[in-house]
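User: Please take a close look at a single part of this model, and then set it in the context of the elements and loops that go with it. I would like the cut-offs behind each term as it comes up.

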Amino acid sequence: MLELKKICYHPATAEEPVLQEISLIARLGTPLIISGPSGSGKTSLIEIISGLSKPQKGIITFRGEKIKASKRRSISGVVFQFPERHFIGLNVLQELRLGHRRLSHEEIYAALKRVGLSNINIKKTPEELSGGQQRRLSIAVQLTRNPEILLLDEPTAGLDWSVKDEIIKLIKQISSNIILIIVTHEPQIFKSINVSSYQLRNRRLKRMPLQEP
Ligand SMILES: Nc1ncnc2c1ncn2[C@@H]1O[C@H](COP(=O)(O)OP(=O)(O)O)[C@@H](O)[C@H]1O
Ligand SMILES: [Mg+2]
């Protein structure tokens with residue numbers, strides 16, 4: 001179990017706090033869907049959980065114990081938004097090895113199998129794969145590191161409906177033995193699977209005057 005208690009994040013370069021008093025729990029086996037409009041701090045929250053940035057206030061615990069940013073980095077796998085734009089391997093095999101340099105063939109096929117890509121030719125360039133296969137590959141790259149926490153930033157953004165379905169099915173399959181955290185602006189499309197949810201508020205709304213009834 002991963003728990004955030006009253007996390008506040010206010011980077012020096014931001015005029016206002018990006019995250020205020022965020023408390024949530026993510027459990028093994030049940031994906032946590034964090035939703036919120038654009039600018040509500042979803043990507044920042046992924047960066048904090050995965051140890052890429054540090055909150056100013058609040059505590060993060062993993063299996064009941066406080067966990068530092070450096071440790072969070074080592075146990076987290078992050079798939080950022082539009083991961084296919086950042087493929088740099090010349091082929092699928094090279095791309096997978098970016099996640100873990102000394103991968104054995106068994107480990108390569110285990111990662112590909114977990115994301116339903118066991119039949120692809122690993123000598124293909126990542127660009128030759130379909131949109132859904134590319135998203136699967138970027139998840140496989142993170143899985144090669146055997147993360148305890150897998151974080152997906154907008155995994156269904158920019159995909160057509162059939163491919164969104166493909167990714168939802170994959171999320172259902174991989175969620176059984178990992179803490180899976182998904183941030184999305186379209187939480188309704190995850191309704192077909194058993195998830196827990198957390199909603200971030202729109203920061204800009206806080207500055208709007210209350211309307212009289
Ligand atoms: N390091 C930073 N410096 C300044 N502003 C930031 C920083 N990180 C995030 N922000 C601001 O915080 C807000 C939330 O950003 P982000 O986490 O990317 O939201 P989301 O992913 O929900 O769209 C944005 O307005 C962004 O400009
Ligand atoms: Mg974002």
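Analyst: What follows starts with helix α5 and then passes to strands, loops, the nonpolar core and the ligand.

This is a predicted model, in which local features need pLDDT of at least 70 and side-chain atom pairs count only at pLDDT 80 or more, while totals for chains, interfaces and linings use all residues. Residues are numbered from 1 along each chain as its sequence is written, and chains are lettered from A and ligands numbered from 1 in the order in which they are written.

Helix α5 covers residues 131-143, which makes 13 residues (helices are DSSP runs of H or I with at least four residues, strands are runs of E with at least two, and both are numbered from the N terminus). From its first C-alpha to its last α5 reaches 19 Å, close to the 18 Å expected at 1.5 Å a residue (the expected span being 1.5 Å times one less than the number of residues). The helix is mostly covered, with eleven of its 13 residues buried (buried means that 20 or more other C-beta atoms lie within 10 Å of a residue's own, exposed that 12 or fewer do, and partly exposed anything in between, with C-beta atoms placed from the backbone). The buried residues of α5 are Gln 133, Gln 134, Arg 135, Arg 136, Leu 137, Ser 138, Ile 139, Ala 140, Val 141, Gln 142 and Leu 143, and what covers them includes the strands β6 (76-79) and β7 (149-153) together with the helices α3 (92-99), α4 (105-114) and α6 (161-174).

The two covering strands, β6 and β7, pair with each other in the parallel sense over four bridges (strands pair if DSSP finds at least two bridges between them), and Gly 77 stands opposite Leu 150 in β7. Strand β6 is covered on both faces, since Ser 76 and Val 78 on one side and Gly 77 and Val 79 on the other are all buried.

The loop between α5 and β7 holds Asn 146 and Pro 147. The phi of Asn 146 is near 50°, a positive value in a residue other than glycine; for comparison, most residues other than glycine have a negative phi. Asn 146 counts as partly exposed because it has 14 C-beta neighbours inside 10 Å, and Pro 147 counts as partly exposed because it has 19. Not counting residues up to four places away in sequence, Pro 147 touches Ile 75, Ser 76, Gly 77 and Gln 142 (contact meaning C-beta atoms, placed from the backbone, within 7 Å). The C-alpha atom of Pro 147 is also separated by 13 Å from that of Phe 62, although the two residues are 85 apart along the chain.

Phe 62 leads to another part of the fold, where its bridge partner in β5 is Glu 65. Strands β4 and β5 form a hairpin with two residues between them, and Arg 63 in the turn has a positive phi of about 50°. Arg 63 counts as exposed because it has 10 C-beta neighbours inside 10 Å. The hairpin belongs to an open, antiparallel sheet of four strands in the order β2-β1-β4-β5, in which β2 (19-26) and β5 (65-66) are the edge strands, each pairing on one side only. Within this sheet β1 pairs with β2 over five bridges, Leu 2 having Ala 26 as its partner in β2, and β1 also pairs with β4 over five bridges, with Glu 3 opposite Thr 61 in β4.

Returning to the helix, Ala 140, a buried residue of α5, is among the residues with the most contacts inside the largest nonpolar core, which has 44 residues (such a core is a set of buried Ala, Val, Leu, Ile, Met, Phe, Trp, Tyr and Cys residues joined through C-beta atoms within 7 Å). The others named with Ala 140 are Leu 45, Leu 151 and Ile 181. Leaving aside neighbours within four places in sequence, Leu 45 is in contact with Leu 19, Ile 22, Ile 34 and Val 183. Of these contacts, Ile 34 has Tyr 198 as its bridge partner in β9, and strand β3 (residues 32-35) runs parallel to β8 (residues 179-184), joined by four bridges.

Finally, ligand 1 is surrounded by a set of residues that includes Ser 44, Thr 43 and Lys 42 (a residue being near if its C-beta atom, placed from the backbone, lies within 6 Å).

Note on methods
Two residues are in contact if their C-beta atoms, placed from the backbone, lie within 7 Å.
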